[in-house]
Every structure is written in C-alpha cells, then in structure tokens.
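Please open the model in a viewer and keep the sequence panel at hand. The tour below proceeds by selection, one stop at a time.

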Amino acid sequence: MTGMNENPLDLLPEVLLAASAVLGLLLGAWLPRRRQWLTGALAGAACIGGIVAAAIAAAGPVETAFGDSFAIDPVTATSRIVILSGTVLVLALAMPRMHADPRETEFYVLLQLAAVGALVLAGAQDLLLLAAGYLLAGVPAYALAGFRKDSPGTEAALKYYVVGALLGVLMLTGITVLLAAGRATAYPMLRSELAEAPGGLVAVGTLALLAGVLFKAGGVPGHFWVPDTVQGSPAPVAAFLTTIPKIGALAALYRLAAVPLADADLPWADLVAVLSVASMTLGNLAAFFQQDVKRLLAYSTISQVGYLLLPVAVAGRTDLDQEALLFYLAGYALTNLGAFAVVCALPDAQAIDDYRGLARAHPALLASLVVCLLGLVGTPPTAVFLGKLEVFSAAVDGDYTWLAVVAAVNTVASLFYYLRWIGPALLSREPAGDTRTTSRTAAVIAFGAATGSVVLGLVAGTVLDVLGGQLAP
C-alpha cells in the first residue's frame, strides 16, 4: 500500500452505507417499536446519497484507492449505482412488512451490511479485499435468509450457510495458493507474476477462487443453495439475495478475468464458457415444471448467471465485453426485482395456480408481471433484450459463436416456464382467492420496475456509451 491515496472520500458510497448501518443500530436501541421505520428511512437516504456520490465519482478520472486495493472505474461506478438502487427497492418492499416488528432495525442493518459487501466485491482489486467482501456480503445474508425463524426460514439459512462456509473456505484456499504462486495479492502485480508461475498451481488456485465467487453469483457449481434458500426466505430477502450479491460477484469475476488472469497460462475462457452453458441449461431445465413461484424465479436467476458469464468468458477478447456485462446487470437487476415485487404484492399467492384470474382482479399488476417475465426472456424493447443482444454480440466478436448459439437456444427454451406462469394469470376467468390480498406499495414498485425496464431498453444507446472506458490500472 502506497499511503498516497488513503482518502475515505474515495469510498464515500461504501462509507455512507456502513455508517448508516452503525447509526441505525444505535438508534434502534432507543426508538420505540413503532418508530423503528426511521432506521429504514435512514438506510434509504444513505443509499440515495451513495448513488449521488457514485455518479459524481464516475465523472472523474479512473484511479485506485488505498494503494491498488480498490478500483474506481466504470465497472465500480456502474455496480455502485445498480447495487444501491436495488437496495432502495428492496428496502421499499420490506418496510411495510417489517413495520413495528420487534427486530425491524436489525433487518435494515443486515440489509445494508450485505449491500456494503457487494460493493466491496465489485471494486476489489486485491485478493484479500475480495475475501473481506465475500464475508461481509455473506454473513449478514445468512441471518436475513432465516429472519422469520420458522421452519422454511431455518432450512433456508442453514443450507445457505453450509454451502457458503464450504465454498468460502475453498475460496480462501485458492487465494492462499495464488499468493504462493504470484507472491502478491494485488491484481496488477499478480498479472505479471502469474504469467510466469507454474501452470498447475495457478489452475488449482483459480478453480478454488472461482468456486467461491460463483457461490455468491448463484451459478454452477455454487448454485445448490439458491432454490431452497429463495423459497424459504421472505420475498423481499429472496429479491435481495438473487440480485444484489450477484452484481458484486459478476463484477468481481470480470475484473479477475481482465486483470490478474489475463496473461496466465490458463484456459480461462473455455472454463467460464462451460460454466456458462451449465448454469443456463441447468437453471432452465429445473425451472420447467416448478409450481412455487419463488422457486421458479430462483432457477431463473441461475440461468441468468449463465448469460451474464458470456462477457466474462470473452473478457479482453473484444471491445464489447465490459459494456455488455454492465448493461445486462442493470437490466437484470431492475427486471428481476420487478418480478419479485409482484410476488411481494400478492403475499398469499405462492403457486402458479394462485395467480389465476389476475388479469381481472389486478390488471396493472398482471401487466407488470408480463413485462418483467418476458423481459427476463429477452423480449424487446426491455433492457434485458438489449443486454442479451450485447452479450451475444460480445461472444460472437470474441470468437465464441457456439456459446452465443447455445445461449440463444436456452433463451427460447426459457419462454416455456415463464408462459406457464403468465398463461393462467392472463387467460383464466376465475380469480383465485389468494390474489385478493395485495400490498399497494409492492404493486407500485412492480409497476415502476417494469416501466423502468422498458425505458432503460429504449435509451440503451445512450447508456451503453457511458459504460465503456478503461479499468483501473
């Protein structure tokens, strides 16, 4: 560490969120139960302040903070804005449910700490900081998964923790091996050192490291926790777990591919391509006949990781990889949170059949559901459509045309299980009783997210222009 750039203002979004978590915990100890919502409002204000700070930092030069350990570049800036915006939406979904709950403050604090971990993952440019981000994004999330303290929640938290602990230890082992091979943990130094290190040692360390990061992303082979944890968690928590940590983890994977592993004698692109195919195919096949809507969305998120790994596989081989990944992450976050907002809006509707007659009971909610689900398929003019078009183009441009073809086939296949959900909601004339109880706040968020997905798709050209740029040195 050079000591020349140890300015906390460089990490202002992360500092704001962490400070809000600590202050919220102190306030929660003194506020009466029905005033605990103030800690949630504080968390929302910290997120909005962080978005503003991230936008201002994005307009500045590309640099590193605290030595070379944290990067401030387009990948970090976009990840910050998407993660903090997504956290605001999750807070809005959770606050009506958590109002006057005895542990309301604790929920908001855990949510913020997990979001800080995702931010650290996105900007980490040192293996030790990557490990710290992994732990910070994971430990609070384990508690969130089991927050209800019921049987499904306990099972969700236990499976999430066991898989996370196992792959976390494996990830730390990989970091140790790469440290031994490259004699450094900073990415710029590793890039030159790993190119000359023994290939077997680099391969073992990379595989172990990759397993841990893919757990956080929810992709194969670290996907085992996703369906059970999402199904057993409260809907706002499920929305958070399938969106926010995934953004940080995929940004971290891209940075690993583009910097420390770029010159290593390792078939990185082929390895990531295989994992991409496995994730999208397994997620789609497992989702085909799911009846529980949260479980269906859980497998959907696994398949989405497969598509998001396309630009990671061709990192450094094309000029389209970075902007494709970042735009897809933004579109996915908005669309996935919109789909989960519909689930939150209908708390008693747990199965696909419970959505029968939604068109007559809540037409605006149905419209939001249709836009979000078809958006996840990649239907124009939604943001995910442009995102998929960009990642497919990046794969073709990076000489992985076969991977783009496999992804296109999986995209068509995914239409089946989304239509299984949309069909009864749209065509059935007999409303199910489970759709009568609605959350107005969640319905508004669902409609806003669906609208935002379309608007982001329409202005994709302008957005893509600002997502390019060099990574931090």
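Is the crossing of α4 and α5 left-handed or right-handed? To answer this on the predicted model, select helix α4, residues 104-123, together with helix α5, residues 127-145. Their crossing is left-handed. The two axes come within 7 Å and cross at roughly 155°. Because an angle over 145 degrees counts as roughly antiparallel, α4 and α5 are roughly antiparallel to each other.

Now display the side chains between these two helices. On the α4 side, the contact includes Phe107, Leu110, Leu111 and Leu113, and also Val116, Gly117 and Leu121. On the α5 side, look for residues including Leu129, Leu130, Gly133, Tyr134, Pro140 and Leu144. The residues of this contact divide into 18 nonpolar and two polar, with no charged residue.

**Second helix pair**

Next, select residues 363-377, which form helix α16, and residues 440-458, which form helix α19. The axes of α16 and α19 come within 9 Å and cross at roughly 40°. That angle makes α16 oblique to α19. The crossing of α16 and α19 is left-handed. In α16, the residues to highlight are Ala364, Leu365, Ser368, Val371 and Cys372; they meet Ala443, Ala446, Phe447, Ala450 and Val454 in α19. Nine of the residues in this contact are nonpolar, one is polar and none is charged.

**Two threonines**

Move to threonine 64, in strand β1, residues 63-65. Is threonine 64 buried or exposed? Its relative accessible area is 11%, and the cut-off for a buried residue is under 20%, so threonine 64 is buried. Draw two distances from its side chain. A polar atom of that side chain lies 2.9 Å from the backbone oxygen of glycine 67, and the side chain also makes a polar contact with the side chain of aspartate 68, at 3.4 Å. With neighbours within four places in sequence left aside, threonine 64 is in contact with Asn5, Phe70, Ala71, Gln125, Ala472 and Pro473.

Then select threonine 206, in helix α8, residues 199-217. Threonine 206 is buried, with a relative accessible area of 2%. Beyond its neighbours within four places in sequence, threonine 206 is in contact with Leu178, Leu261, Leu266 and Trp268. Add valine 177 to the selection: from C-alpha to C-alpha, valine 177 and threonine 206 are 8.5 Å apart in space, and they are 29 residues apart in sequence.

**Backbone details in the loops**

Which form does the peptide bond from valine 220 to proline 221 take, cis or trans? This bond is cis, with omega near 5°. Proline 221 is placed in the loop between α8 and α9, the latter being residues 226-232. For another cis peptide bond, select proline 380 and proline 381, where omega is about 5°. Proline 381 lies in the loop between α16 and α17, the latter being residues 383-397.

Continue to alanine 100, in the loop between α3 (74-98) and α4. Although not a glycine, alanine 100 has a positive phi of about 65°. Alanine 100 is buried, with a relative accessible area of 18%.

The final stop is arginine 183, in the loop between α6 (151-182) and α7 (187-194). Arginine 183 has a phi near 55°, a positive value in a residue other than glycine. Arginine 183 is exposed, with a relative accessible area of 63%.

Notes: Residues numbered from 1 in each chain as written. Predicted model: local features only at pLDDT ≥ 70, side-chain atom pairs only at ≥ 80, totals over all residues. Heavy atoms only, no water. Axes fitted to C-alpha atoms, helices over the stretch in contact; angles between N-to-C directions. Helix = DSSP H or I, 4+ residues; strand = E, 2+ residues; numbered from the N terminus. Parallel < 35°, antiparallel > 145°, perpendicular 65-115°, else oblique. Left-handed = near helix turned anticlockwise from the far one by under 90°. Contact = heavy atoms within 4.5 Å. Nonpolar A, V, L, I, M, F, W, Y, C, P; charged D, E, K, R; others polar. Buried < 20%, exposed > 50% of the residue type's maximum accessible area, 1.4 Å probe, protein only. Polar contact = N/O pair within 3.5 Å; in protein donor to acceptor, adjacent residues only side chain to side chain.
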